[in-house]
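Student: Could you take me closely through one enclosed part of this structure, and then follow the thread outward to its charged pairs and its open spaces? I would like to see how the burial of individual residues is argued.

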Amino acid sequence: MHSSKRARAEGQLFLRVLFVTTEMDDFVRVGGLGAVSAALPRALRPFADIRIMLPGYRDIIEQLTHIQIVGRCPAFAEMPACSLGRAATKDGLPVYVLLCSQLYDRPGNPYGDELGRDWPDNDIRFARFASAAAELAMGKLDKNWAADLVHANDWQASLVPAYLAWRGAKLPSILTIHNLAYQGLFPKESLRRIGIPESSFHIDGVEFYDQLSFLKAGLVYASHLTTVSGTYAREITTEEFGCGLEGLLRVRSDAAELTGILNGIDESWDPRSCAQLAQQFGAGDWVGKKANADYVRKQFGLAVSRGPMFAIVARLVHQKGIDLVLSAADEIIDAGGQIVVTGSGEPALEQALIGAHRRRPDAIGVTIGFNDAQARRIFAGSDFTLMPSRFEPCGLSQMYAQRFGSLPIGHQTGGLAETISDGETGFLFAKPSHDSFLGGVRRAFEAFMAQDQLDTMRRSAMGRSFSWSISAGSYSALYRKLAAV
């Protein structure tokens, strides 16, 4: 343990934690990881000296006003040399960025080009990032700072615990699985390119069906695994949800080394004070909620309607059950409903939604892309939020929706099962199938027609608290346990 850990704030022993992530809403967002990486470290600041590490994407470099170079990483295997910069968010959260223009200064998103294709050198891009994070944590890059614990997130950072192990560092590490379906699989030749010991390529190491799995490396080498809901922590130890890794996850779970900690949402999700809304409102102020509905209908060119508005604010991918919504769209519209969609994802699903809009422009509104202010107005204006996900590690939209009085209709899985109270703050259905989903939708229509029931459910939903402080307390306790403080 580093003696400088004795730094105290208000008499409390502070751990130094390196939070390694590839998205942060302050700068760049692809999915829920960006929201978590912006909110959780901030919620942990009372408990730890927490610092973020990010790849130096173009979007991040352009937004940071002052970056101080604190260290340099020499070339390693086939990975180029790079520099480590230190900066801070507007509210003073320390951020390290790995500066390597040939790897990170690109158009598109963090993982692929403008057409959605993965970058072919993602193995080098994220191994370089993980290797540098390990060096920083060990005190080899910033002469003024070293970590007591590393918290890595998803497959892109999963090699951090592995590089620490291969370099003989005794630092404890946590890997948080935000979505087990994304594993970071590469051909065996990548071992040489990114400096992984050949001896680790076996069934109890980084090998997964004769490929290299970044995620599996983290599952093997991290001191402790977490995932983003207790239900998902159980689900991923089963064949149905384990993505071929359920055996390893069962071993870690049986050893009490897998913990589910539910995500939260930040305090800005309050319709009484949210500046992006067409009109602010609180529970019971349904005139204020209707003002947002009118605004959304106008924005999307929908017909004036007294019927319910159903929202989808999601990545448009197979996992999210968008095909189930498409198959149920006619029935929803025939019953008097309208559907508003915003998000981006798989081109085929995007095109199918655009096609549905063209067929029924008066009843289906679609925006491909994501805009936070628009998303907030959609939650505020809609009556129901559709979440027929096939699996959902945690999910954030159902929490946002409830706070804004939009009752979620979700598949009873993962975080949806934990955060939606069936019949009280939303509706759960049993299977990710057309009939089961329609059953949930029909219950929503029945509630919409019963004004007292709708009013009671909306008030209950808007009264829910999904504060990050609860999650932060759980993570802080886990940090201290692993660092033996």
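Tutor: In this predicted model, helix H7, which covers residues 214-221, has 6 of its 8 residues buried, so the helix is largely enclosed by the rest of the structure. The buried residues of H7 are Phe-214, Leu-215, Lys-216, Ala-217, Gly-218 and Leu-219, where buried stands for a relative accessible area under 20%.

The same reasoning can be applied to a residue in a loop. Phe-404 sits in the loop that joins helix H14 (397-403) to strand S19 (407-411), and it counts as buried because its relative accessibility is 0%. Leaving aside residues up to four places away in sequence, Phe-404 touches Trp-269, Asp-270, Pro-271, Cys-274, Leu-277, Phe-281, Lys-289, Arg-376, Phe-379, Ala-380 and Met-462. As for sequence against space, Phe-404 and Arg-272 are separated by 132 residues along the chain, while their C-alpha atoms are 9.2 Å apart.

One of the contacts of Phe-404, Arg-376, leads on to the charged pairs. The side chain of Arg-376 meets that of Asp-372 in a salt bridge, with 2.9 Å from N to O. Asp-372 and Arg-376 belong to helix H13 (residues 372-381), where they are 4 residues apart, or about one turn of the helix. As to exposure, Arg-376 is classed as buried because its relative accessibility is 5%, whereas Asp-372, with a relative accessible area of 28%, is partly exposed.

A further pair lies in helix H10 (residues 286-300), where Asp-294 and Lys-290 are 4 residues apart and therefore separated by about one helical turn. Their side chains form a salt bridge with an N to O distance of 3.0 Å. Asp-294 is partly exposed because its relative accessibility is 36%, and Lys-290, at 52%, counts as exposed, since the cut-off for that class is over 50%.

Another salt bridge connects Arg-360 with Asp-362, whose closest N and O atoms are 3.6 Å apart. Arg-360 counts as partly exposed at 29% relative accessibility, and Asp-362 likewise counts as partly exposed, at 34%. Elsewhere, salt bridges link Asp-26, Arg-42, Arg-45 and Asp-91 in a network. The count of salt bridges in the model comes to 25.

Lys-290 also takes us to the open spaces, since it is one of the residues that lie nearest the centre of the second largest pocket, together with Arg-297, Ser-305, Arg-306 and Phe-448. That pocket has a volume of about 480 Å³, and its lining is made up of 19 residues. The elements contributing two or more residues to the lining are H10 and helix H17 (451-462), and the largest share, 7 residues, comes from H10. Sorted by class, the lining comprises 8 nonpolar, 4 polar and 7 charged residues. Helix H10 thus holds the salt bridge between Asp-294 and Lys-290 and also supplies the largest share of the lining of the second largest pocket, while H7 remains the helix described here as largely enclosed by the rest of the structure.

Conventions. Residues numbered from 1 in each chain as written. Predicted model: local features only at pLDDT ≥ 70, side-chain atom pairs only at ≥ 80, totals over all residues. Heavy atoms only, no water. Salt bridge = Lys/Arg side-chain N within 4 Å of Asp/Glu carboxyl O. Buried < 20%, exposed > 50% of the residue type's maximum accessible area, 1.4 Å probe, protein only. Contact = heavy atoms within 4.5 Å. 1 Å grid on protein atoms, 1.4 Å probe; cavity = no way out; pocket = protein on both sides within 12 Å on 5 of 7 lines; lining within 4 Å. Points joined across faces, edges and corners; volume = space filled by probe spheres on them. Nonpolar A, V, L, I, M, F, W, Y, C, P; charged D, E, K, R; others polar.
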